[in-house]
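Work through the exercises below with the sequence and the model side by side. Each task is followed by a solution that goes step by step.

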Amino acid sequence: MCGLIVAGHPAIVEQGIVALAHRGPDHQDVSEHDGWHLGHTRLSILDLSTAANQPMRRGRTTVVYNGELWNHEQLAAGLPTGTRRSTGDTEVLCHLLDQKGEAILPDLDGQFAVAWVTDGTLRVARDRYGEIPVHYGYHPKYRTVVVASERKALLDVGVAPQTVRWVPPGTVMSWASPIQQPVVREWHTHDLRPLPDDEETAVERVDGLLAAATRKRMVTSDVPVAVLLSGGIDSSAVAFHARNHYPNLVGYTAVFDTKSKDLRCAREVAEHLGIELREVPVPAPTAADLAAVVRTIELPHKAQVEIGWACLHLADRLHGDGMKVVLSGEGADELWASYGRSFHAIKDLGWHRARAKFVVDQHRKNFARVNKVFMARSVEGRLPFADRFLVEYGLGLRQQAVTGHLPGRKATQDKMVLRD
């Protein structure tokens with residue numbers, strides 16, 4: 001996980017990597033390619049050597065990349081023998097973008113935002129569901145587009161606030177010159193064809209997909225991986241599967257009230273799974289604290305700020321313990337129809353389309369908050385419930401299979417398939 005900034009003027013990028021230093025304390029660099037200046041701040045997680053530093057150039061292409069590819073070894077199998085100089089995913093991606101361009105994007109399984117320059121054109125792509133944030137805007141003085149991992153970096157270098165936009169999930173944007181408006185192409189669309197699976201089949205399938213999603217987020221790392229544990233269903237399911245692949249797993253939980261049910265449940269889960277639970281006290285915030293959270297997560301919404309305050313303390317403890325990667329249960333509520341999300345929007349859009357919207361909307365809500373609050377302390381968040389195969393399967397399930405009941409149970413309930 002890293003920070004990236006790209007612009008048509010070197011002074012912007014030099015200043016921008018200073019603003020993004022918290023996202024990548026292990027290495028920072030800037031390079032120029034066909035008039036574009038690419039900056040990168042690196043948090044070393046895969047291939048900790050200098051061979052994986054960025055910006056990285058292979059062939060006609062220079063890349064700055066923020067994220068992780070779970071299938072980079074499978075993709076590397078198609079590269080010519082002797083091509084690789086590193087063991088990380090950045091070089092694999094750089095080679096593939098040089099060879100195939102944006103046509104390779106549907107083959108990528110991961111969380112990512114990537115910017116690359118080939119033959120004078122800048123392209124920026126974001127993962128399917130927007131797990132990794134990336135923004136763009138225009139600089140009035142230097143008359144150039146600027147792309148960055150965080151909105152605050154754009155503002156710090158002088159980008160006009162009214163021009164700042166998200167790069168949408170599942171899209172690639174291209175600029176043939178710094179001042180032009182982008183060409184936008186959607187590279188991912190949801191397959192919303194209904195699946196015939198019943199409740200019992202769905203329970204077994206979801207369990208297997210979540211196990212696979214958790215496993216690849218555990219093994220794609222050259223540093224230890226921890227897990228957040230709130231005591232709820234989502235984080236407990238992730239912790240269960242993570243423990244199966246990581247015997248020395250450590251869990252972290254935020255503590256507002258030492259007598260709370262959440263803490264009691266988190267302790268019970270940790271004891272049942274035989275994992276160490278590190279309890280992180282969270283004091284009541286001041287107005288200044290909340291303002292700092294808003295600046296960190298770049299979201300003003302009440303619920304996001306409240307959760308962000310707790311997560312900032314978790315991030316502090318993780319960083320202090322030397323952890324660089326943590327798994328979270330984010331994304332389960334939206335995918336499995338929790339908190340009443342299956343009513344008004346479904347009436348308007350229908351079951352399958354509404355839930356796809358719930359998931360993608362998290363790119364500027366929960367997913368952005370997870371990424372920015374933990375990366376403020378140089379910790380990468382990974383989300384098994386946002387796995388492409390689990391999401392695709394979940395979005396295809398009929399409502400009865402998600403919130404219905406198994407034989408012998410009378411009532412329906414949110415997240416029923418996940419509970420079972």
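**Exercise 1.** Find the residue that stands opposite tyrosine 252, and place the pair in its sheet.

Solution. Tyrosine 252 faces arginine 278, which belongs to β15. Strand β14 (residues 250-255) runs parallel to β15 and is joined to it by 6 bridges; strands count as paired if DSSP finds at least two bridges between them, and strands are DSSP runs of E with at least two residues, helices runs of H or I with at least four, both numbered from the N terminus. Helix α7 (residues 261-273) packs on the sheet, where it touches β14 and β15, contact meaning heavy atoms within 4.5 Å. The direction of α7 makes about 160° with that of β15, the axes being lines fitted to C-alpha atoms, for helices over the stretch in contact, with angles from 0 to 180 degrees between N-to-C directions.

This is a predicted model, in which local features need pLDDT of at least 70 and side-chain atom pairs count only at pLDDT 80 or more, while totals for chains, interfaces and linings use all residues. Residues are numbered from 1 along each chain as its sequence is written, and side-chain values use heavy atoms, with hydrogens and water left out.

**Exercise 2.** Which strands stand at the edges of the sheet?

Solution. The open sheet has 5 strands with parallel pairing, in the order β15-β14-β13-β16-β17. β15 (276-281) and β17 (380-382) each have a single partner strand, so one side of each lacks a neighbour in the sheet.

**Exercise 3.** Where does aspartate 26 lie, and which residues does it touch?

Solution. Aspartate 26 sits in the loop between α1 (10-19) and β2 (27-33). Leaving aside residues up to four places away in sequence, aspartate 26 touches Arg42, Leu43, Ser44 and Lys324.
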